[in-house]
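Visitor: I am new to this structure and would like to learn how to read it, one feature at a time. Could you take me through it slowly?

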Amino acid sequence: MSESAIARVVVDSPLPQLDRLFDYSIPDALASEVVAGVRVKVPLRSAGRVADGLVVEVAERGGFDGPLSEIDSVVSPIPVLTPEVWRLARQAADRAAGSANDILRLAIPGRQVRVEKTFLGATESEPIPVVASPTVQHYGETIDSVVTDRSRIALSAVPGVTELRDGRWVRTWAVTLAQAAAACVARGDTAILVVPDYRDQNQVEAALAQYLPPELIIRADARQSNPDRYRGFLRGLGDTALAVVGNRSTVYFPAKRLGLIALWDDGDPLHAEPLAPYVHARDAALIRQEQRGCALIFASHSRSSEVQRLVELGWLIAVDPVRAAHPKVVPTAHQLSDDPMAQRARIPSLAWRTAREAVAHGPVLVQVARPGYSPRLACADCGQTARCLRCSGPLAQRSAGSTPSCSWCGMLSTSWSCSHCDGTRLRLVGAAGSTRTAEDLGRAFPGVRVIIADGEHPIEHVGSSPALVIATRGAEPIADGGYRAVLLLDGEQMIARESLRVAEDCLRWWSNAAALAAPGAVSVLSGVGGELATAMATWRQADFAARELRDRRMLRFPPAVRVATVTGTLAAVAEAIADLPVEPSDVLGPVDLGSATVRSIVRFDYSAGSEIASALRSELIRSASGRRSAARGGRPTTPALRVRLDDLEPFLES
DNA sequence: AGCACGCCGACT
DNA sequence: GTCGGCGTGCTC
């Protein structure tokens, strides 16, 4: 250790102008403790103030010529920031015009002293279990070679459910990903499996347990306690190859030797990180794959337009199951049944017949668009949405005959009058929610068990006995052996939303539900025609994705182009856009958002991405550090300029 | 964010 | 002549 060695530190601060490395000298007393990756405290601008930081590297000299301050102290001897994760955080942040710090907050859980103590205490080398490599089924030799060759693929998942050795049923894709992960671990490399939510996670974990001992399976998600999360994180810093399964931030999990990143259903909005700088798990995975050179699998039933773009570029190879057995999906017009009971439940005749025949033999899944009883209450006289008299929130009814209450503040609306026309009578508008559909179907099928699965009543499994399972989209339980029929009831209503992604989302919701059907069982898609219906009936979602992407290219909508939203005062936004170095494809706006704020949308090609991102970033830093605010004495209002890349929100609005 | 440095109006 | 206003800029 040379006495001139310095530590390069990333300081924990939300300020964009501090988002770079600071050089510190290392006092002799700390020479052996200051190593790359450890948490430190460092003085920042006038001693006395100390900031938390992470040592990115220890070097002979840095890029700073001035006098250096000394590292104040080492917080913990554990190197929690690996060089690989640092590079990933830096590049992900740069791509999104954000701070590496914000990524590191997602990547590194908060410190837990007790957990660290036990971790450091248990240093005796645990015997590493020998793992046999399973073959990945359904895809020939392809996926096994994906893991060995470290290729990048878009995988069409095998529809259906599979029984595990312990008698539990999971979606077949969970077994596929578990097999790929186990094959990776057997080669001595860590596999990271990223899934949208805890229910997917449970399935993948159950499937993994068939191939790996429990000590090699790490769960990483926001629902577990901080100590549990930190314990799992610290295990990732070790030498043992693991299978790690978790939500979007798991893509940043540390791994000595990373062999595979697999991401299930990248179109699910849960993969979009809601915290700045809003880096989507798909993009983080792509960056990490490129840096690390590991295998990469995007698996789904319904291909996203983003993945389709990468397939067309040749960046991802499309891989399909060897035998193309797919669910039988029958689109049907929304023609109501002649049966009065079916009419009451607003069920089309084909769906009605299908359900009646199938429910004699086992569970039938009914997918509806919304939870609850009724989506909307309106004034019976003027038709305006009925609103709460206290807070103007929309009124909703929980069950038949119950008093309407406000969906925002919960106030019961006992004596309501319309604010538009003074009417006092309410009426139900729109399609029924899960509760009301359940009531109607319960009456129509007397003696059949009715199960509701939605956000309020989460259910992961149902058995194989006859039942009507009413589920909101995305909340469908798994039926042992698969459903005997699937009714996709509210297609019309789901498509009716005005949004860039409706078609893609609908195809995803329906495909994921139809994939729960038993072999040979029929799925009825009601009220939907055209290309979406064709895509479902032929189970060729990739074709639809290609068409969708073609349309986006014509409209110059993402993901055909990249976008950035620039928000702030008119002057700041105008300046930021005027200073862009390359001519962006075009600029939309500015539009007035009220309270002296405007927003412009910049559209540009992927090739201009890094240049645009860094230009907007330096503009942001200039705006944040320079003139603090145009107005009087530093009021803590919104900053003069905000920048967000790949912000789809303006395109999603209805 | 904090906090120092810096260049114009009232003060012993 | 200096004390201090807070606009401007930096933080290794």
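Visitor: Let me begin with one helix: what do the buried residues of α9 pack against?

Guide: Please keep in mind throughout that this is a predicted model. An α-helix has 3.6 residues a turn, so residues three or four places apart point the same way. In this structure, the buried residues of α9 pack against β7 (152–156), α8 (281–292), β14 (295–300), β15 (317–319), α14 (502–514) and α16. Helix α9 itself spans residues 305–313 and is mostly covered, with seven of its nine residues buried. Those buried residues are Ser 305, Glu 306, Val 307, Gln 308, Arg 309, Leu 310 and Val 311, and after the helix comes Gly 314, whose phi is positive, near 85°.

Visitor: Arg 309 is in that list; over the face of which residue does Arg 309 lie?

Guide: Arg 309 lies over the face of Tyr 606, at 3.3 Å from the ring centre. A further arrangement of this kind involves Arg 644, which is placed over the face of Tyr 278 at 3.7 Å from the ring centre.

Visitor: Now to the chain as a whole: which domains does the domain assignment of chain A give?

Guide: The assignment gives domain 1 (5–83 + 90–121), domain 2 (142–319), domain 3 (328–552) and domain 4 (562–652). Between the C-alpha centres of domain 1 and domain 3 there are 51 Å.

Visitor: And how should I read the largest nonpolar core; which residues touch the most other members?

Guide: In soluble globular proteins, nonpolar side chains tend to be buried together. Here the largest nonpolar core has 93 residues, and Leu 81, Leu 208, Tyr 252 and Ile 297 are the ones that touch the most other members. Helix α5 (residues 172–186) gives the most to this core, namely ten residues. Because domain 1 (5–83 + 90–121) and domain 2 (142–319) both contribute residues, the core lies between them. Apart from this core lies another, of 36 residues, which includes Val 462, Trp 509, Val 528 and Trp 539.

Visitor: Which residues does Leu 208 touch, not counting residues up to four places away in sequence?

Guide: With those sequence neighbours left out, Leu 208 touches Ala 178, Ala 181, Leu 193, Ile 217, Ala 243 and Val 245.

Visitor: Where does Leu 237 lie, and is Leu 237 buried or exposed?

Guide: Leu 237 is found in the loop between α7 (226–236) and β12 (243–246), and with a relative accessible area of 14% Leu 237 is buried. The C-alpha atoms of Leu 237 and Leu 81 are separated by 9.2 Å, although these two residues are 156 residues apart along the chain. Not counting residues up to four places away in sequence, Leu 237 touches Ile 78, Pro 79, Val 80, Thr 82, Pro 254 and Lys 256.

Visitor: Helix α7 borders that loop, so to speak; which buried residues of α2 are there for α7 and other elements to cover?

Guide: The buried residues of α2 are Ala 100, Asn 101, Asp 102, Ile 103, Leu 104, Leu 106 and Ala 107, and what covers them includes β1 (6–11), β4 (50–59), α1 (83–95) and α7.

Visitor: What about a polar residue such as Gln 367: is Gln 367 buried or exposed?

Guide: Gln 367, in strand β17 (residues 363–368), is buried, with a relative accessible area of 0%. A polar atom of the Gln 367 side chain lies 3.3 Å from the backbone oxygen of Trp 509. The residues that Gln 367 touches, not counting those up to four places away in sequence, include Leu 487, Leu 488, Leu 489, Trp 509 and Trp 510.

Visitor: Finally, how many aromatic pairs are there?

Guide: A pair of aromatic rings is described by the distance of the centres and the angle of the planes. The count here comes to five aromatic pairs. In one of them, Trp 352 and Phe 445 are tilted, at 5.1 Å centre to centre and 40° between the planes. Trp 352 lies in helix α11 (residues 349–358) and Phe 445 in the loop between α12 (434–444) and β22 (450–453), so the pair ties together parts that are 93 residues apart in sequence. Another pair, Phe 557 and Phe 651, is edge-to-face, at 5.1 Å centre to centre and 65° between the planes. Of these two residues, Phe 557 is partly exposed, with a relative accessible area of 25%, whereas Phe 651 is buried at 10%.

Notes: Residues are numbered from 1 along each chain as its sequence is written. Chains are lettered from A and ligands numbered from 1 in the order in which they are written. This is a predicted model: local features need pLDDT of at least 70, side-chain atom pairs count only at pLDDT 80 or more; totals for chains, interfaces and linings use all residues. Side-chain values use heavy atoms; hydrogens and water are left out. Domain bounds come from an automatic or database domain assignment. A nonpolar core is a set of buried Ala, Val, Leu, Ile, Met, Phe, Trp, Tyr and Cys residues joined through side-chain atoms within 4.5 Å. Buried means under 20% relative accessible area, exposed over 50%, partly exposed in between (1.4 Å probe, protein chains only). Helices (H or I, at least four residues) and strands (E, at least two) are DSSP runs, numbered from the N terminus. Contact means heavy atoms within 4.5 Å. A polar contact is a pair of N or O atoms within 3.5 Å; within protein, one must be able to donate a hydrogen and the other to accept it, and residues adjacent in sequence count only if both atoms are side-chain atoms. Rings of Phe, Tyr and Trp (its six-membered ring) pair if their centres lie within 6.5 Å; planes under 30 degrees apart count as stacked, over 60 as edge-to-face and the rest as tilted. A charge sits over a ring if NZ of Lys or CZ of Arg is within 6 Å of the ring centre and within 35 degrees of the ring normal.
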